[in-house]
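Trainee: Could you take me through one part of this model in detail, and then set that part in its wider context? I would like a careful, connected account.

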Amino acid sequence: MHSEDTAAGERTAASIVVEDASKVIDGVTVLDSVSFVALPGRVTAFVGPNGAGKTTTLRAILGIDRLTSGRATIGGRPFAEHRRPVQVAGASLTADGAHPRRSARGHLRVVAASNGLPDTAVDAALDLVGIAEIADLPVGQMSLGMRQRLALGSALIGDPAVLILDEPHNGLDAGAIRWLRVVLRQLADGGRTVLVSTHLMTEIEAVCDDVVVIDQGRVVMAGSLGHFIGGASMEERYLDMVERG
Amino acid sequence: MRLAWRAELLKIATVRGQWLGAAIATLALPAISLLVAATGGVGAGDTVTSGAATGSVAGLLAFGVWAATLAAGEYAQQTMIVSLTTVPRRSVLYGAKLAAIGCVAVVGALVSVVTAWLVVWAVLPSGVHHLGDPAALVSVVFAISAVSVLGMAVGLMTRSPSASASIVVVAVLLPKAAGGLLGGLQRWVVGASPGTVVTQAVGGAQLPHNQMFPGGAAAATVTMLLVATVVAVGGAVTLVRRDG
């Protein structure tokens, strides 16, 4: 595990902390005093209906979107203040973040170069996400599932302490979903903080430790998965909370 | 900043259309100058240097549009999300983009003017035209750099490749085309526009007095660079303040 603040090989655990985060766009409140914590060593599911504010929150944590008020930090600091951001937090917010005419290898080389990572990190990331065989294909010729793997490779290339994934299951086949489940579990067991937004309730039950439910820009529940479902199914509890109020 | 700059250069190098665009932009100026020289378009009063600069507007347009589409393309292709998650400090990202596009533009412009001067010198009948002052062609390098920076900044402001390319074309061509409408401002606006700056510096085709910048070619060049700097600052402010 890399860390910008410690010697090589020494891991710095980093939490994601969102405090009283609000965002107003054109007079519409899209985030309303959102607060939650994602902890090291745990996979935190970030769930909610479409338009609930999940992606906006993830973008705010990464500094892509500005908060109107409140604060979002990774490892105690706003993400942009880290010197080697890719080694602090890896993010996959879209499967279409790579230029369609650039090869997968070229895309990862750009990401690696931006943070001073060696080319060996590119090869390692390609191997890790299982696309080494097609690494020289233009991204535009890759399937959605392969592009999703590439996005994950981009997030993991710096061996970050924190992983932020927005609907990473989109486009993945059954085998890849199982593979992702194993990877997320291993990353969390290795001490990393994993925050994943998904609509797949079965995957949340299978891999997540904690759940944050957001609806209409407000966090309506944040806590451990066991506490949340309390013997029922995730889908049942979630729909009960979100759709029936 | 150095790492981000390297990554920006690598972005250009790893997409064929992007480096090919820069290569074509580099060839645009000497190709047009060659065409003009080979078809007898260089007048008796022109020098080899002013003949070499006849393709300047093509070079300005090509580099400006290349820079604009490159920058705006980050939004059109959604690659800006990855750029902002790997280099989240926006001032660094902007500086890296500016440095990378500026480097390519400066190197490309230098290659352009040297090539143009050599091919025009080779094509024109010997002994008929004076060589002129080849050092004056540095104004072409300044003009191409300024238009490239403007293109990049406008690309990041509009986030639209077509809109930013259109603005570059207008910025290069409109001042001279619509100069008559500017009244007393014509000398200031047209005189400091990139194409006219080059013409004044190389001393080629005679410009009407009302299109000559007050204070001469050097002042015109400085004014053009100042305008490009102001637009670049506008681009930086936009990138820093707006949501990604």
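**A close look at V18(A), then at chain B**

Mentor: In this predicted model, V18(A) touches V34(A), S35(A), F36(A), T57(A), I61(A) and A72(A), leaving aside residues up to four places away in sequence. V18(A) lies in strand β1 of chain A, which covers residues 16-25. Since 20 or more C-beta neighbours are needed for a residue to count as buried, V18(A), with 24 of them inside 10 Å, is classed as buried. As for a distant position in the chain, M142(A) is 124 residues away from V18(A) in sequence, and their C-alpha atoms are 35 Å apart in space.

From chain A we can pass to its partner, for 28 residues of chain A are in contact with 23 residues of chain B. On the chain B side, the elements that give two or more residues are α1 (2-13), α2 (16-38) and α5 (80-86), and α1(B) gives the most, with six residues. By class, the residues on this side of chain B divide into ten nonpolar, eight polar and five charged.

Chain B itself has eleven helices and zero strands. Its radius of gyration is 18 Å, close to the 18 Å that the globule rule gives for 244 residues, so chain B is as compact as a globular protein of that length. The C-alpha trace of chain B spans about 60 × 40 × 25 Å along its principal axes, and 56% of the 244 residues of the chain count as buried. If we consider contacts in chain B between residues at least 6 apart in sequence, 78% of them join residues at least 24 apart.

One helix pair of chain B deserves a closer description. The axes of helix α4(B), residues 56-76, and helix α8(B), residues 161-177, come within 8 Å and cross at roughly 155°. Because angles over 145 degrees count as roughly antiparallel, α4(B) is roughly antiparallel to α8(B), and the crossing of the two helices is right-handed. On the α4(B) side the contact is made by V57(B), L60(B), L61(B), G64(B), V65(B), A68(B), T69(B), A72(B), G73(B) and A76(B), while α8(B) contributes P161(B), S164(B), A165(B), V168(B), V169(B) and V172(B). Sorted by class, the contact of α4(B) with α8(B) has twelve nonpolar, four polar and no charged residues, whereas the side of chain B that touches chain A includes five charged residues.

Methods
Residues numbered from 1 in each chain as written. Chains lettered and ligands numbered in written order. Predicted model: local features only at pLDDT ≥ 70, side-chain atom pairs only at ≥ 80, totals over all residues. Axes fitted to C-alpha atoms, helices over the stretch in contact; angles between N-to-C directions. Helix = DSSP H or I, 4+ residues; strand = E, 2+ residues; numbered from the N terminus. Parallel < 35°, antiparallel > 145°, perpendicular 65-115°, else oblique. Left-handed = near helix turned anticlockwise from the far one by under 90°. Contact = placed C-beta atoms within 7 Å. Nonpolar A, V, L, I, M, F, W, Y, C, P; charged D, E, K, R; others polar. Buried ≥ 20, exposed ≤ 12 C-beta atoms within 10 Å, placed from the backbone. Rg over C-alpha atoms; globule rule 2.2 N^0.38 Å.
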